[in-house]
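Please look over the sequence and the model before reading on. The paragraphs that follow lead through the structure one part at a time.

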Amino acid sequence: MGLKEDFEEHAELAKTLPESTSNENKLILYGLYKQATVGNVDTSRPGIFNMRDRAKWDAWKAVEGKSKDEAMNDYITKVKQLKEEAASA
């Protein structure tokens, strides 16, 4: 299985993570997903009153510069880690 297929499979798996997954972990996944699928941030930072979108933008900005392949690998690793944690909880 190629990296892209593996990434897409884990993106589907991520949708089944438990509700108890922390916002911090969700933001990490969001940032890696955007970096893997879009590349570097291509929008301006949302305003101070838009906290949710601002946090998402910051998470994406935090992984800026990673190659798409590197971001895909990191995303897959993070999903696996979160699934293992959920299974042992």
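**Helix α3 and its buried residues**

In helix α3, the residues Arg54, Trp57, Ala59 and Trp60 are buried. The model shown here is a predicted one. Helix α3 runs over residues 51–62 and has twelve residues. From its first C-alpha to its last it reaches 16 Å, which is close to the 16 Å expected at 1.5 Å a residue. An α-helix has 3.6 residues a turn, so residues three or four places apart point the same way. Against which helix do the buried residues of α3 pack? They pack against α2. One contact of a particular kind concerns Trp60: Lys34 lies over the face of Trp60, at 4.8 Å from the ring centre.

The wider setting comes from a record. An unreviewed UniProt entry carries the annotation "domain: ACB", which covers residues 3–88. Over residues 3–88 the chain is 70% helix and 0% strand. The C-alpha atoms at the two ends of this stretch are 27 Å apart.

Helix α2 deserves attention next. Gln35 lies in helix α2. Is Gln35 buried or exposed? Its relative accessible area is 1%, and because buried means under 20%, Gln35 counts as buried. The side chain of Gln35 makes a polar contact with the side chain of Asn40, at 2.8 Å. When its neighbours within four places in sequence are left aside, Gln35 is in contact with Asn40, Trp60, Val63, Glu64, Gly65, Lys66, Lys68 and Ala71. Trp60, one of these partners, is also one of the buried residues of α3.

Asn25 lies in helix α2 as well, within residues 23–37. With a relative accessible area of 14%, Asn25 is buried. Its side chain makes a polar contact of 2.9 Å with the side chain of Lys78. Beyond its neighbours within four places in sequence, Asn25 is in contact with Lys78 and Leu82.

The aromatic rings form another part of the picture. A pair of aromatic rings is described by the distance of the centres and the angle of the planes. The count of aromatic pairs in this model comes to three. In one of them, Phe7 and Tyr33 are stacked, with 5.5 Å from centre to centre and 25° between the planes. This pair links distant parts of the chain: Phe7 is in helix α1, residues 3–14, and Tyr33 is in helix α2, 26 residues apart. Phe7 is buried, with a relative accessible area of 3%, whereas Tyr33 counts as partly exposed at 34% relative accessibility.

Tyr33 also pairs with Tyr75, and here the arrangement is tilted, at 5.9 Å centre to centre and 55° between the planes. Tyr33 lies in helix α2 and Tyr75 in helix α4, residues 68–88, so this pair ties together parts that are 42 residues apart in sequence. Tyr75 counts as buried, at 4% relative accessibility. Which residues form one aromatic cluster? Phe7, Tyr33 and Tyr75 do so.

Helix α1 can also be followed through Ala14, which lies in that helix. At 16% relative accessibility, Ala14 counts as buried. Leaving aside neighbours within four places in sequence, Ala14 is in contact with Leu29, Tyr75 and Val79. Ala14 and Lys80 are 66 residues apart in sequence, and their C-alpha atoms are 8.9 Å apart in space.

Two further residues extend the tour. Glu85 lies in helix α4. With a relative accessible area of 40%, Glu85 is partly exposed. Between Glu85 and His10 there are 15 Å in space, C-alpha to C-alpha, while the two are 75 residues apart in sequence. Ser44, by contrast, has its place in the loop between α2 and α3. Its relative accessibility is 64%, and Ser44 therefore counts as exposed. The C-alpha atoms of Ser44 and Glu8 are separated by 27 Å, and these residues are 36 apart along the chain.

Methods: Residues are numbered from 1 along each chain as its sequence is written. This is a predicted model: local features need pLDDT of at least 70, side-chain atom pairs count only at pLDDT 80 or more; totals for chains, interfaces and linings use all residues. Side-chain values use heavy atoms; hydrogens and water are left out. UniProt positions are given in the numbering used here, feature names are shortened, and annotations may be inferred rather than shown by experiment. Helices (H or I, at least four residues) and strands (E, at least two) are DSSP runs, numbered from the N terminus. Buried means under 20% relative accessible area, exposed over 50%, partly exposed in between (1.4 Å probe, protein chains only). A polar contact is a pair of N or O atoms within 3.5 Å; within protein, one must be able to donate a hydrogen and the other to accept it, and residues adjacent in sequence count only if both atoms are side-chain atoms. Contact means heavy atoms within 4.5 Å. Rings of Phe, Tyr and Trp (its six-membered ring) pair if their centres lie within 6.5 Å; planes under 30 degrees apart count as stacked, over 60 as edge-to-face and the rest as tilted. A charge sits over a ring if NZ of Lys or CZ of Arg is within 6 Å of the ring centre and within 35 degrees of the ring normal. The expected span of a helix is 1.5 Å times one less than its number of residues.
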